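I opened the notebook to go through this chain piece by piece and jot down what I looked up. Short entries, in the order I made them.

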Amino acid sequence: LRNSNNNASPGGWPGARGGHPLAPFGGPGAEPSYLGRVVLEIVESERTYARDLRSIVEGYLGKIIDAEEPVLRPEQVSALFGNIEDIYELSSTLLQNLESCASDPVAVAVCFVTRSQEFAIYTQYCNNYPSSVAALAECMRSKPQARFLRECQERLRHALPLGAYLLKPVQRILKYHLLLQEIAKHFEHKSGDDYEVVLEAIDTMTCVAWYINDMKRKHEHAIRQQEIQSLLLGWKGPDLTSYGELVLEGTFRVQRVRHERAVFLFDKALLITKRRGDHYVYKSHIPCSSLMLIESTRDSLCFSLAHYKHGKQQHSLQ
C-alpha cells in the first residue's frame, strides 16, 4: 500500500506553505509532540483500517467467489458486502497519500480536502448496512454458511466475527472529523493559511458525516413509511410517499375512547389511525397546509388537531 513517490504531496500541494515543512515530531531522537502523535494516530489507524478492509475483501468475499460450490446466493453476497471493494480502494489510496505526508499535519488535512467528493461512496455502504446485518443473520441460521464464515474467521485469525468487521466502515467515516479536530485543537498558530486548510478539512469531513447520518435517517424513515403503508387498513388515499418524508410518529390517548391513536406526521399531511393488533386502522388525515393545533386551557398535556375549514371536527389527544 505504500506510495512509490514518498516525497510527493497529494494533489500537488507542498508539504507546508512557504517552503518550511512542519516538524510535529521534533528533532532527531526527540519525543513527538501531542500534535505529532495525533498525526501518527491518523496514519496508523488508517493503516489498520485498510488492513481490516483487505481481510474482508480477500479473506471472506474472495473465498466466497473462489469456492467450487456456491456457498452464498448472489443476492446474499450483494446484501452482505455492499460496495466494500470501493471502500477498500478509497482507503488504500488515502493511506498512500497519508504516508507521503512526512508527518505534516497540513498535508494530512489536504488529503481529506482533495478527496472530499470520493467519500460519498460511504453513503451507499451505510444505507446498505441494515441489509448487511439482516443477510449475516440469515447466513448464521444456515449451518453450512455459518460453518464457512467461521472457517474464514479462523483462517484470518480474527478474534472478532465478520459482523464486527462489516461495521468498521460505518465507524470510520464518522470518526475522521474528530481526528482532524484534534489537529486543530493542538495547532500551534491558530491563524494563517495552514490553519485554514485544517479547518477546511474538518468542515469537509463534518459535512460528510452529517450527510451520511442524514441519508441514513431518511433511509430508515422510508423503510418505516413502507411498513406503515403495508399495515394501514381502510385507507383509500394515494401512496403515503406522495406526502413526503415521515417526520415524526407517536401514540396518544383520547378521552372516553378505549383505543389509543397512532399519529404519523409527514411533510405534507398528518395521518391519524387506531391501533388494531399489528395494524393501523385509518381514522382521518389533515393536510399540513390546513392543520391547526389548539392547546388545552384545562389540561397542559392535552391538545386538539383540526382542519382550519372544519374547526369543530377536532381530534383531542393526550
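**Entry 1: a serine in a loop.** I started at S290, which sits in the loop between β5 and β6 (291-295). Bear in mind that this is a predicted model. Is S290 buried or exposed? I found S290 buried, its relative accessible area being 12%; the cut-off for buried is under 20%. Next I asked what S290 is in contact with, setting aside its neighbours within four places in sequence. The list I got is A306, H307 and Y308.

**Entry 2: the three-stranded sheet.** From S290 I moved on to β6. I see an open sheet of three strands here, in the order β6-β7-β8, and the pairing is antiparallel. β6 and β8 (310-317) are at the edges with a single partner strand each, so each has one side without a neighbour in the sheet. I also looked up the twist: ignoring direction, neighbouring strands of this sheet are turned by 30° against each other on average. Then I went down the pairing of β6 with β7 (residues 303-307), an antiparallel one joined by five bridges. On that pairing, M292 stands opposite A306 in β7. A306 was already in my notes as one of the contacts of S290.

**Entry 3: the five-stranded sheet.** What is the strand order in the open sheet of five strands? I read β1-β5-β4-β3-β2, and the pairing is mixed. The edge strands are β1 (232-233) and β2 (246-252); each has a single partner strand, so one side of each lacks a neighbour in the sheet.

I then walked through the pairings.
- β2 and β3 are antiparallel and pair over six bridges. I noted that E249 has F264 in β3 as its bridge partner.
- β3 and β4 also run antiparallel, joined by five bridges. Here V263 stands opposite I272 in β4. The two strands form a hairpin, with two residues between them.
- β4 (residues 269-276) pairs with β5 (residues 279-287) over eight bridges, in the antiparallel sense. R276 has H279 in β5 as its bridge partner.

How many of the six residues of β3 are buried? I count five, and I put the strand down as mostly covered.

I also checked what lies across this sheet. Helix α10 (residues 192-231) lies across β1, β2, β3 (261-266) and β5. Against β2, α10 runs at about 50°.

**Entry 4: the annotated domain.** The UniProt record, an unreviewed entry, carries the annotation "domain: DH" for residues 34-215. I looked up the make-up of that stretch: 81% helix and 0% strand. The C-alpha atoms at the ends of residues 34-215 are 35 Å apart.

**Entry 5: helix α6.** Next I took α6 (residues 143-156), which has 14 residues. From first C-alpha to last, α6 reaches 20 Å, close to the 20 Å expected at 1.5 Å a residue. Which residues of α6 are buried? My list reads Q145, A146, F148, L149, C152 and Q153. They cover an arc of only 160° around the axis, which puts them on the same side of α6. The spacing fits the textbook: an α-helix has 3.6 residues a turn, so residues three or four places apart point the same way. On the other side of α6 I found K143 and E154 exposed.

What do the buried residues of α6 pack against? I noted α1 (34-66), α2 (74-81), α5 (121-141) and α7 (162-166). One more item from this end of the helix: R157, just after α6, takes a positive phi of about 60°.

**Entry 6: two more positive phi values.** R157 made me look up other residues of this kind. A102 has a phi near 50°, positive in a residue other than glycine. A102 lies in the loop between α3 (84-99) and α4 (105-114). With a relative accessible area of 62%, A102 is exposed.

S103 is in the loop between α3 and α4 as well. S103 is not a glycine, yet its phi is positive, at about 65°. How accessible is S103? I got 25% relative accessibility, which counts as partly exposed.

Terms used. Residues numbered from 1 in each chain as written. Predicted model: local features only at pLDDT ≥ 70, side-chain atom pairs only at ≥ 80, totals over all residues. Heavy atoms only, no water. Helix = DSSP H or I, 4+ residues; strand = E, 2+ residues; numbered from the N terminus. Expected span 1.5 Å × (residues − 1). Buried < 20%, exposed > 50% of the residue type's maximum accessible area, 1.4 Å probe, protein only. Arc of directions from axis to C-beta. Contact = heavy atoms within 4.5 Å. Pairing = 2+ DSSP bridges. Axes fitted to C-alpha atoms, helices over the stretch in contact; angles between N-to-C directions. UniProt positions renumbered as here; feature names shortened; annotations may be inferred.
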